Structure formats: C-alpha cells, structure tokens
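Please look over the sequence and the structure shown here before reading on. The report is meant for a reader who has not met this structure before.

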Amino acid sequence: MTFQRRTIAQLVLAALLPMTVHAQTVLRAHDTHPAGYPTVAAVESMGKKLDAATNGRIKIQMFPGAVLGQEKEAVEQTQLGAIQLARISLGVVGPVVPEVDVFNMPFVFRDIKHMRAVIDGPIGDELLSKVTSSSARLVGLGWMDGGSRSLYTKKPVRTPADLKGQKVRMMGNPLFVDTMNAMGGNGIAMAYGEVFTSLQTGVIDGAENNPPSYFTANHYTTPAKFYTQTNHLIIPEILVMSKVAWDRMSAADQAVVRRLAREAQMEQRALWDKSVEEYSGKLKAAGVEFINIDTKPFFDATEPVRQKYGAKHTDLMKRIAAVK
Ligand code: GTR
C-alpha cells in the first residue's frame with residue numbers, strides 16, 4: 001500500500017469509526033393528534049426514557065398532527081418501514097389484521113373500565129401477538145385509551161329513527177360503516193383530516209368521537225353541536241412498530257422497547273382521564289349540548305353487526321364478556 005493509499009484508508013476508517021461507536025437509531029413516530037394530546041405526550045415520554053435506557057443509541061422523533069399522513073397512509077408507511085412507530089386507532093388496523101376487529105365491534109366492551117381490564121390482561125396480549133404474527137409487517141407494542149365514541153350531529157338525535165337520512169362520518173373500516181347503517185344513519189368512510197371541512201360544507205351531517213378528539217380537531221366549531229351519548233364504540237388505540245425497524249434491533253433493545261411501551265400505556269391513561277374531563281368541560285362551555293339517552297335501542301340495532309363480525313370469534317367474545 002502506498003503512503004497515499006494508506007492515508008486514505010485511515011481517513012475512511014476514522015470517518016466510519018465514530019459512526020459505529022455512536023450509531024444512533026432515530027424512530028420516526030406518527031400521531032394524527034396535535035402536540036400535547038395524551039397519546040403524543042406518552043410516546044414522547046417513552047422516547048426520553050428510551051434515549052436514557054440506551055445511552056442515546058435509540059431515540060424517538062415525534063411527528064404529531066398527521067404530518068406524516070392520515071392514519072390509513074400511516075399504517076401503509078409503517079408496514080413499509082418508512083415510519084417506524086405509529087400510535088393509531090385499532091379501527092384502521094382491522095382492514096390489515098381482521099382478527100383485531102373483535103375489539104372494534106360496537107358495544108363489545110361494557111364500559112371503559114371493562115375495556116381497560118381486557119387490554120391490560122391476557123386477551124390484550126393475545127391481540128398484540130396476533131398483530132405481530134400476522135402478515136401485516138407490524139409489531140404490536142402496547143395499547144392506549146381511545147375513550148368512548150359518541151355521536152355529534154347538526155340535529156339532536158335520541159333514537160335510531162332520528163338518524164334516518166343523516167350522513168355520518170366513520171373511520172375507514174367497513175365494520176364501522178355497517179355499524180352506523182345499523183344504528184339508523186348512513187355511514188360514510190372518511191379520513192379524520194377531512195371531517196372538519198366536510199361538516200362545515202354539509203358533505204356530512206355528523207361524525208362520532210371522544211370528547212378530546214371532538215374538541216382538538218375543532219369539529220365542535222361546525223354546526224354539529226349536539227353530542228348524543230351513544231358510547232357505541234370503545235376502540236383502544238394501539239402503538240405499533242414497523243417490523244423492518246423491529247428486526248434491526250437486538251433482543252435486549254426490543255425488550256426495553258416493550259417495557260417502555262407498557263409504561264406509556266399506563267402513563268397515557270392518567271393523561272387521558274384528565275383530558276376527557278377537561279375537554280368535556282370545554283365543549284359544554286362552547287355551547288355543545290350533551291344529550292343523555294337510553295343506549296339500549298342502539299345496542300339492539302347493532303346486534304347483526306356483532307353477529308356478522310363476531311361469528312368467527314365466539315369463544316373470544318365470551319372470554320371478553322367474562323372479564324370483570
Ligand atoms: C380518534 C383516534 C384517532 C383517529 C380518530 C378518527 O379518537 O384517537 O387515532 O382514529 O379518532 O376518528 O379517525
């Protein structure tokens with residue numbers, strides 16, 4: 001080797017070494033919600049802990065407010081590996097991992113407490129494993145609270161008959177369109193980011209969501225100001241990692257990520273409860289009318305949906321119902 005060649009080789013090595021020593025993985029994280037939202041805050045906090053636990057080797061960079069795309073696109077990007085971490089509604093996972101639709105069915109959970117007991121326990125772990133072992137190239141890391149979804153419309157709704165002829169936006173999953181149709185309205189699948197304008201312009205007559213989303217997405221400022229407490233869907237949120245990114249991590253790092261995801265699940269929950277209270281208050285103060293109803297007619301009307309999507313999972317549904 002000539003002197004010059006050796007120098008070049010040494011320079012190349014010198015340039016490479018620090019990279020190897022300080023090799024850093026930055027996990028790009030998607031969330032549709034704005035900065036400060038409980039899910040965003042919990043994943044950011046998870047990032048800080050991950051950074052500390054790996055001595056700066058693995059970091060999370062949060063992209064809130066759907067800047068990386070709407071949830072459907074975010075799922076696709078995560079499957080491909082362009083997004084490494086995504087906190088999404090389980091609703092949009094159904095189309096790629098149909099088994100999770102058991103949790104997406106109307107009135108499958110009695111209340112929030114029941115949903116939490118299920119996701120915290122063995123059934124929650126099983127569903128995360130189903131996501132991971134499916135062909136979707138996603139790793140189910142943990143759950144978050146997506147609250148209870150109720151209907152907001154321009155005209156007050158008290159019974160399924162009141163929904164006749166009303167176009168109500170649902171998340172992109174045929175199960176939800178079927179749910180709204182069974183509840184008496186016309187379900188329209190649409191991305192979250194289009195709901196505000198569609199409510200404003202009259203493309204739709206209503207939508208459904210939990211109080212923090214109804215408020216932070218500004219849907220309450222549209223004519224849809226009647227908030228009927230149907231509580232028809234209690235859909236957990238899920239934190240998924242791209243299989244591509246997951247497979248690049250050591251088993252030890254994977255274990256740290258799993259542990260911190262579980263901590264994020266509990267941290268988000270505390271933030272969530274405060275946020276439901278806070279935003280319910282803000283909605284009321286802004287003139288939104290909360291309408292309390294007997295939900296039984298909506299429960300009965302959606303029985304065919306549970307039959308249709310639950311037929312393959314009767315054992316699992318019985319186990320869910322048996323959780324105290
Ligand atoms: C929210 C949920 C989001 C998104 C949104 C929607 O409650 O946190 O992930 O699914 O609903 O309606 O699209």
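What follows goes from the overall division of the chain to the ligand, and then to selected helices, salt bridges and single residues.

## Model and domains

The structure is a predicted model, and the features described here should be read with that in mind. The domain assignment divides the protein into domain 1, made of residues 3-101, 110-145 and 236-277, and domain 2, made of residues 148-234 and 279-322.

The centres of domain 1 and domain 2, taken over C-alpha atoms, are 28 Å apart. Between them there is a set of contacts in which 26 residues of domain 1 meet 23 residues of domain 2.

## Surroundings of the ligand

The ligand is surrounded by 13 residues, and the closest of these are H33, E71, R169, N209 and E237. For R169, an N or O atom of the side chain is 2.7 Å from an oxygen atom of the ligand, and for E237 the corresponding distance from a side-chain N or O atom to a ligand oxygen is 2.6 Å. A polar side-chain atom of S213 also lies 3.1 Å from an oxygen atom of the ligand. The ligand taken alone exposes 320 Å², of which the protein buries 98%.

Two of the closest residues, E71 and E237, also belong to a network of salt bridges that links them with D31 and R87.

## Strand β5 and R149

R149 is found in strand β5, which covers residues 149-153. With a relative accessible area of 6%, R149 is buried, because the limit for that class is under 20%. The side chain of R149 is joined to the side chain of E208 by a polar contact of 3.1 Å.

Leaving out residues up to four places away in sequence, R149 touches R169, M171, E208, N209, N210, T230, N231, H232, L233 and I235. Among these contacts, R169 and N209 are also listed with the residues closest to the ligand.

## Salt bridges

How many salt bridges does a search of the whole structure find? The search finds 19, and three of the pairs are described here.

In one of them, the side chains of K49 and E263 meet at 2.7 Å, N to O. This pair links distant parts of the chain, since K49 lies in helix α2 (residues 38-53) and E263 in helix α10 (residues 251-285), 214 residues apart. Both partners are partly exposed, K49 with a relative accessible area of 28% and E263 with one of 30%.

Another salt bridge joins the side chains of E126 and R319, again with an N to O distance of 2.7 Å. Here too distant parts of the chain are linked, with E126 in helix α5 (residues 122-133) and R319 in helix α13 (residues 314-322), 193 residues apart. E126 counts as partly exposed at 31% relative accessibility, and R319 counts as partly exposed at 37%.

## Helix α9

A third salt bridge, between the side chains of D247 and K243, has an N to O distance of 3.3 Å. Both residues lie in helix α9, four residues apart, which is about one turn of the helix. In an α-helix there are 3.6 residues a turn, so residues three or four places apart point the same way. K243 is partly exposed, with a relative accessible area of 26%.

W246 also lies in helix α9, which runs over residues 243-247, and at 8% relative accessibility W246 counts as buried. Apart from neighbours within four places in sequence, W246 is in contact with V139, L141, M241, Q254, V257 and R258.

## Buried positions in helices α3 and α4

T78 lies in helix α3, residues 71-80, and is buried, with a relative accessible area of 0%. Not counting residues up to four places away in sequence, T78 touches I83, Q84, A86, R137, L138, V240, M241 and S242. M241 is thus a contact of T78 and also a contact of W246.

In helix α4, residues 112-120, the buried residues are H114, M115, R116, V118 and I119. The elements that cover them include α5, β4 (138-144), α10 and α13.

Key:
Residues are numbered from 1 along each chain as its sequence is written. This is a predicted model: local features need pLDDT of at least 70, side-chain atom pairs count only at pLDDT 80 or more; totals for chains, interfaces and linings use all residues. Side-chain values use heavy atoms; hydrogens and water are left out. Helices (H or I, at least four residues) and strands (E, at least two) are DSSP runs, numbered from the N terminus. Buried means under 20% relative accessible area, exposed over 50%, partly exposed in between (1.4 Å probe, protein chains only). Contact means heavy atoms within 4.5 Å. A salt bridge is a side-chain nitrogen of Lys or Arg within 4 Å of a carboxyl oxygen of Asp or Glu. A residue is near a molecule or strand if one of its heavy atoms lies within 4 Å of it. A polar contact is a pair of N or O atoms within 3.5 Å; within protein, one must be able to donate a hydrogen and the other to accept it, and residues adjacent in sequence count only if both atoms are side-chain atoms. Accessible areas come from the Shrake-Rupley method with a 1.4 Å probe; for residues, only the protein chains shown count as cover. Domain bounds come from an automatic or database domain assignment.
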